[in-house]
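Okay everyone, thanks for coming. I'll put the structure up and then walk you through a few parts of it.

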Amino acid sequence: MKHAIKTGYKLLDTAFIYKNETEVGQAIAESVEEGVLKSREDIFVTSKLHSGFHKPSKILPAIRHSLNLMNSEYIDLYIIHAPWGMKPTEAESGADFPFTTATDETGNDIFDDYELVDVWAQLEKAVDEGLVRHIGLSNFDDDQVRLILSNCRIKPVNNQIELHPWLDQPDSVQFLLDNDISVTSFMSLGRIERTLDSKGKTLVDDAIVLEIANNHGKSPAQVLLRYQLQRGVLVIPKSATPSRIEENANIFDFSLSENDVLEISKLNKPLRSCHFKDRRPSKNFPKLWLSEPVYQ
Ligand SMILES: NC(=O)c1ccc[n+]([C@@H]2O[C@H](COP(=O)([O-])OP(=O)(O)OC[C@H]3O[C@@H](n4cnc5c(N)ncnc54)[C@H](OP(=O)(O)O)[C@@H]3O)[C@@H](O)[C@H]2O)c1
């Protein structure tokens with residue numbers, strides 16, 4: 001994380017469930033101490049409400065808990081990690097905020113769904129109390145975003161969704177941008193081996209992506225990230241490799257042509273990798289996903 005901050009990354013994307021909020025706070029504090037950042041204000045932090053804490057009375061305490069872990073007074077953007085609510089495990093080693101969620105005797109998840117507008121109202125309260133500066137969504141389908149838009153006092157500023165050329169979602173992206181909701185692409189690289197076509201190839205092996213990358217003297221990963229930026233979508237590529245952290249930031253010195261963009265958009269399959277099939281029994285599962293081939 002410190003290497004990313006040194007390289008010039010302006011946003012750190014974390015979540016309670018990633019178990020790295022403490023490290024995020026430490027990386028920021030050390031970067032300030034070392035003069036790489038002037039202050040906490042110089043970096044934007046996104047964190048996420050764990051599905052196990054959707055119970056409205058649990059939400060503000062969960063946010064305060066994340067703030068404690070990060071040793072920060074505020075979170076720049078706090079989003080609902082996913083619309084489905086899960087039953088948290090009974091106190092994990094006595095912790096009020098367990099990382100794990102409960103399963104029944106057959107190993108199936110136990111859901112704990114609340115009205116999404118009630119969950120949202122608590123995020124609005126967190127803004128009122130100054131705990132978070134902006135609030136948003138993740139893994140919400142368009143209908144669920146519409147539900148929040150029609151019942152909110154504070155509009156969601158962002159929806160963080162799986163987006164890459166094999167899951168291009170042009171209509172959802174347009175719908176969100178038309179409603180002034182910024183779009184963040186997670187798995188912009190398909191998380192490499194996580195997203196495979198029928199021949200077992202990854203997005204960075206895709207012949208069209210490779211050809212376009214060669215034409216620009218760039219890597220396939222840089223082309224995949226640039227593609228999202230040029231359609232107005234934010235990217236949060238993850239890498240634990242210093243050279244790739246730098247490579248992924250080095251995408252502002254070239255532009256894809258209209259034809260490149262068109263060719264990449266034609267790769268749409270659609271193929272959702274983060275399909276969360278086991279969450280389908282939740283009453284808050286994104287229903288629009290169910291019409292995609294992966295759910296047939
Ligand atoms: N809201 C959600 O539900 C949700 C779900 C998934 C992810 N996210 C967020 O989105 C972020 C990114 O998504 P992701 O990590 O799933 O997928 P990703 O960024 O598409 O891919 C990460 C993988 O790509 C490799 N990689 C990175 N840069 C590369 C490059 N230039 N060339 C080749 N390989 C490269 C990384 O390997 P090395 O680390 O070994 O370099 C890592 O294995 C996550 O860190 C998380 O913050 C959110």
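Quick bit of vocabulary: Ala, Val, Leu, Ile, Met, Phe, Trp, Tyr, Cys and Pro count as nonpolar, Asp, Glu, Lys and Arg count as charged, and the others, Gly among them, count as polar. Also, keep in mind that this is a predicted model.

So, let's begin with the ligand. There are 25 residues around the ligand, and the closest are Phe186, Leu189, Arg191, Ala221 and Lys238. Sort that shell by class and you get 10 nonpolar, 10 polar and 5 charged residues. Which helix gives the most to the shell? That's helix H9, residues 242-249, with 3 residues.

Next up, helix H7, which covers residues 207-216. Its buried residues are Val209, Ile212 and Ala213. Looking down the axis of H7, those buried residues fall within an arc of 100°, so they line one face of the helix. Here's the background: an α-helix has 3.6 residues a turn, so residues three or four places apart point the same way. On the other side of H7, Ala207 and Asn214 are exposed. And what covers the buried residues of H7? Helix H8 (220-230) and helix H10 (258-265) are included in that cover. Just after H7, look for Gly217, which has a positive phi of about 65°.

Since H8 came up, let's stop at Gln228, which sits in that helix. Is Gln228 buried or exposed? Buried counts as 20 or more other C-beta atoms within 10 Å, and Gln228 has 22, so it's buried. Leaving aside neighbours within four places in sequence, Gln228 is in contact with Leu163, Ser185, Ser188, Val233 and Val235. Gln228 and Glu162 are 66 residues apart in sequence, and their C-alpha atoms are 11 Å apart in space.

Compare Tyr18, which UniProt lists for "active site" in an unreviewed entry. Tyr18 is in the loop between strand S1 (11-13) and helix H2 (21-33). With 15 other C-beta atoms within 10 Å, Tyr18 is partly exposed.

Last one: helix H3, residues 56-70. At 1.5 Å a residue, its 15 residues should span 21 Å, and the end C-alpha atoms are 22 Å apart, which agrees. The buried residues in H3 are Lys58, Ile59, Ala62, Ile63, Ser66, Leu67 and Met70. They pack against H2, strand S2 (44-49), strand S3 (75-80), helix H4 (116-128) and strand S4 (132-138). Just after H3, Asn71 takes a positive phi of about 55°.

That's my tour, thanks!

Conventions. Residues numbered from 1 in each chain as written. Predicted model: local features only at pLDDT ≥ 70, side-chain atom pairs only at ≥ 80, totals over all residues. Near = placed C-beta within 6 Å. Helix = DSSP H or I, 4+ residues; strand = E, 2+ residues; numbered from the N terminus. Buried ≥ 20, exposed ≤ 12 C-beta atoms within 10 Å, placed from the backbone. Arc of directions from axis to C-beta. Contact = placed C-beta atoms within 7 Å. UniProt positions renumbered as here; feature names shortened; annotations may be inferred. Expected span 1.5 Å × (residues − 1).
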